[in-house]
Amino acid sequence: MKKMECDVAVVALGLSGLATSIAAAEQGLSVIGFEKMRVAGGAANMGMGPFAVESRLQKKKQLTLTREEAFMHHMEYTHYSVDAHLVHDFFWKSADTIDWLMDMGVDFEVAPYFPKAEWTAHNVIPEGGGRPGPRGAGTMVKRMTERAEQMGVQMVFETPVKKVLMENGRAVGVLAVGPDGEEIECRSKFVAICTGGLGLNMELTKELTGIDPESIEFFAGVPGLVGDGIKMAVEAGVKLAPIFPELGVGVHDNFNHWELEGAFRSKPEVAVNLDGFRFINEEMSEMSSYFGNATYNQPGHVCFEIVDTARIKHYIKYGPEVLDQVHGDDFYERFFEKAEEALAEPEFGGKYFFKANTIEELADMTGINKENLVETINNWNSYCDHGRDLELCRTRYLYPIATPPFYCMKMVMQGAAGIASGGITVNHKLQCLDAEDKVVPGLYACGIDACNIYGPTYDFYLPGMNMAFALNSGRMAAEYMAEELNDF
Ligand SMILES: Cc1cc2nc3c(=O)[nH]c(=O)nc-3n(C[C@H](O)[C@H](O)[C@H](O)COP(=O)(O)OP(=O)(O)OC[C@H]3O[C@@H](n4cnc5c(N)ncnc54)[C@H](O)[C@@H]3O)c2cc1C
């Protein structure tokens with residue numbers, strides 16, 4: 001067995017692991033990071049960018065949201081069910097973390113995710129310029145990896161950690177296995193668990209979240225996110241907090257139907273369930289986690305979005321009503337062409353995507369209750385005539401379903417592996433807690449593994465929180481470790 005030694009053993013080099021490693025090294029601690037995969041960054045390689053409030057980039061844009069306002073919003077949003085001290089310290093550090101990253105050479109563009117959201121997302125401008133978007137944050141991961149190297153962090157890849165070593169109730173290191181199968185015992189003063197949650201472990205998701213994973217298309221995680229850190233923490237005597245995956249609603253097989261997903265995901269089209277009834281004020285579909293919650297409660301965990309040809313033509317000419325950061329703004333331009341292609345796909349057309357000349361025909365194709373659907377659409381059209389939604393209080397985007405052909409997308413539940421809340425219980429210093437809420441000495445957890453700050457529903461009103469929690473919890477944990485070291 002190979003032996004190693006350091007001040008901080010970091011379990012995984014995803015976003016929170018990188019942040020912990022760099023910050024600990026900046027505090028003068030020796031750091032070894034063990035990563036299961038060949039590269040660093042975990043799910044952060046897929047995303048756009050982190051949240052911050054009162055950053056210098058926000059000030060430059062004359063944005064006025066204060067930390068206090070963001071904090072009060074978040075505590076109200078979570079019904080004060082989360083650790084106020086942790087949220088406070090995280091929010092107050094967030095702007096400094098943007099400076100920290102900018103000093104490493106990361107550039108950002110501030111944005112909201114949707115019209116009613118705050119401008120808190122700091123989306124990474126990809127290397128070489130261009131529009132921030134999905135995978136843009138890969139550039140941030142690169143800069144952080146370079147910084148970790150510069151700071152002397154020893155990064156050991158393709159080496160999963162199997163266990164936290166405990167002696168007399170204290171974490172004293174980790175046991176890992178190298179690519180050649182050799183066991184490595186790394187003794188350390190502190191261990192930080194940063195393995196990114198349980199996203200792609202369906203069995204554990206079912207067991208720990210109560211959500212039926214078979215009803216959800218989990219997408220876009222990275223293969224390593226299978227709950228290793230959560231299992232290790234439990235083995236070390238740590239208490240778990242309830243876990244909630246982030247739920248959303250999208251187009252089946254979305255990466256292969258990206259423009260259609262852009263046209264239907266989080267857009268204010270009329271949405272009905274299999275019974276033919278509306279079930280949400282569709283204005284709210286822009287807040288995808290609300291739409292996810294509402295759709296999850298419908299028969300079969302699905303819904304159907306319906307739009308007419310006149311509306312599509314309007315969008316093509318004048319642009320979408322709701323722009324979103326993920327899909328850009330040009331997804332309607334080739335709508336009719338993409339629609340015909342998708343309708344011709346045997347596994348998609350007629351199963352997930354439909355085109356009909358009458359509402360009755362649409363009901364036959366989709367299996368939606370015909371009588372109810374006809375009544376729902378007639379009612380909807382009369383609300384549009386009178387400018388008032390008498391059913392679900394929609395005040396914007398009151399457009400009739402009147403001009404055939406009608407297009408309808410069966411929307412499915414989606415969950416992003418790598419976005420969740422809950423897991424390892426920590427205090428505001430990111431120290432792990434046992435069943436009696438006592439600190440497990442030497443053991444810290446950061447990022448998604450310990451992200452107990454949203455309650456059941458991810459808060460897209462303050463976009464970018466997942467990455468920001470990973471970054472800031474990592475930095476905070478490292479600073480507390482350095483403080484604690486004085487007690488050794
Ligand atoms: C498609 C997509 C888009 C996203 N976009 C955004 C966004 O724009 N803004 C935002 O705020 N958030 C976004 N997120 C979420 C964000 O990327 C994650 O919340 C963030 O990366 C979490 O950081 P983490 O360190 O907890 O986990 P990760 O960054 O996922 O890292 C976990 C790491 O642990 C490693 N690992 C697992 N087990 C072991 C083990 N036993 N030993 C060693 N290593 C191990 C994994 O290989 C991985 O590298 C997105 C997520 C996805 C999937």
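## A walk through the model, strand by strand

Strands β3 and β4 run antiparallel and are joined by four bridges. Start here, and keep in mind as you go that this is a predicted model.

**Stop 1: β3 and β4.** Select residues 108-111, which make up strand β3. For one bridge across the pair, pick A111 and look for its partner in β4, A121. Now turn the strand to compare its two faces: F108 and V110 are on the covered face, while E109 and A111 are on the uncovered one. The pattern you see follows a simple rule: in a regular strand, side chains alternate between the two faces of the sheet.

**Stop 2: L63.** Next, select L63, in the loop that runs between α2 (56-60) and α3 (67-77). Is L63 buried, exposed or partly exposed? It is partly exposed, because 17 other C-beta atoms lie within 10 Å, and a residue needs 20 or more to count as buried. Leaving out residues up to four places away in sequence, L63 touches Q58 and W119. If you would like a distance to check in your viewer, try the C-alpha atoms of L63 and V53: they are separated by 9.5 Å, and the two residues are 10 apart along the chain.

**Stop 3: β6, β7 and β8.** Colour residues 161-167 for β6 and residues 170-177 for β7. These two strands are antiparallel and share six bridges. One pairing to pick out is L165 with G173 in β7. The hairpin of β6 and β7 has two residues between the strands, and N168 has a positive phi near 50° there.

Now add β8, residues 183-193. β7 pairs with β8 through five bridges, again in the antiparallel sense. Click on G173 once more: across from it in β8 is R187. This hairpin has five residues between its strands, and G181 in the turn has a positive phi of about 90°.

**Stop 4: V191 and the core.** Select V191 and show what surrounds it. Neighbours within four places in sequence aside, its contacts are A9, V11, V164, A171, G173, V174, G442, L443 and Y444. V191 is also one of the residues with the most contacts inside the largest nonpolar core, together with V8, V11, A192, Y444 and A445. That core has 141 residues. Which helix gives the most to this core? It is α14, with 10 residues. Both domains take part: the core draws at least three residues from each of domain 1 (2-241 + 424-485) and domain 2 (246-414).

**Stop 5: the two domains.** Colour the protein by its domain assignment, with domain 1 covering 2-241 + 424-485 and domain 2 covering 246-414. Their C-alpha centres lie 35 Å apart. Where they meet, 17 residues of domain 1 are in contact with 18 residues of domain 2. On the domain 1 side, β4 (121-124) and β9 (216-219) each supply at least two residues, and β9 has the largest share, three residues. By class, this side of domain 1 has 11 nonpolar, four polar and two charged residues.

**Stop 6: the ligand.** Centre the view on the ligand. Around it are 42 residues, of which G14, G42, G47, G224 and G447 are the closest. α1 (15-26), β14 (406-423) and α14 (465-485) each bring at least two residues to this shell, and α14 gives the most, with five. Colour the shell by class and you should find 24 nonpolar, 14 polar and four charged residues.

**Stop 7: backbone details.** Three places in the backbone round off the tour.

- Select P404 and P405, which are joined by a cis peptide bond with omega about -5°. P405 is in the loop between α13 (370-386) and β14.
- Select S266, in the loop between α8 (258-264) and β11 (270-272). S266 is not a glycine, yet its phi is positive, about 60°. S266 counts as buried because it has 23 C-beta neighbours inside 10 Å.
- Select H301, in the loop between α9 (288-296) and β12 (303-308). H301 is not a glycine either, and its phi is positive at about 55°. With 19 C-beta neighbours inside 10 Å, H301 counts as partly exposed.

Technical notes:
Residues numbered from 1 in each chain as written. Predicted model: local features only at pLDDT ≥ 70, side-chain atom pairs only at ≥ 80, totals over all residues. Near = placed C-beta within 6 Å. Nonpolar A, V, L, I, M, F, W, Y, C, P; charged D, E, K, R; others polar. Core = buried A, V, L, I, M, F, W, Y, C linked by C-beta atoms within 7 Å. Buried ≥ 20, exposed ≤ 12 C-beta atoms within 10 Å, placed from the backbone. Domains from an automatic or database assignment. Contact = placed C-beta atoms within 7 Å. Pairing = 2+ DSSP bridges.
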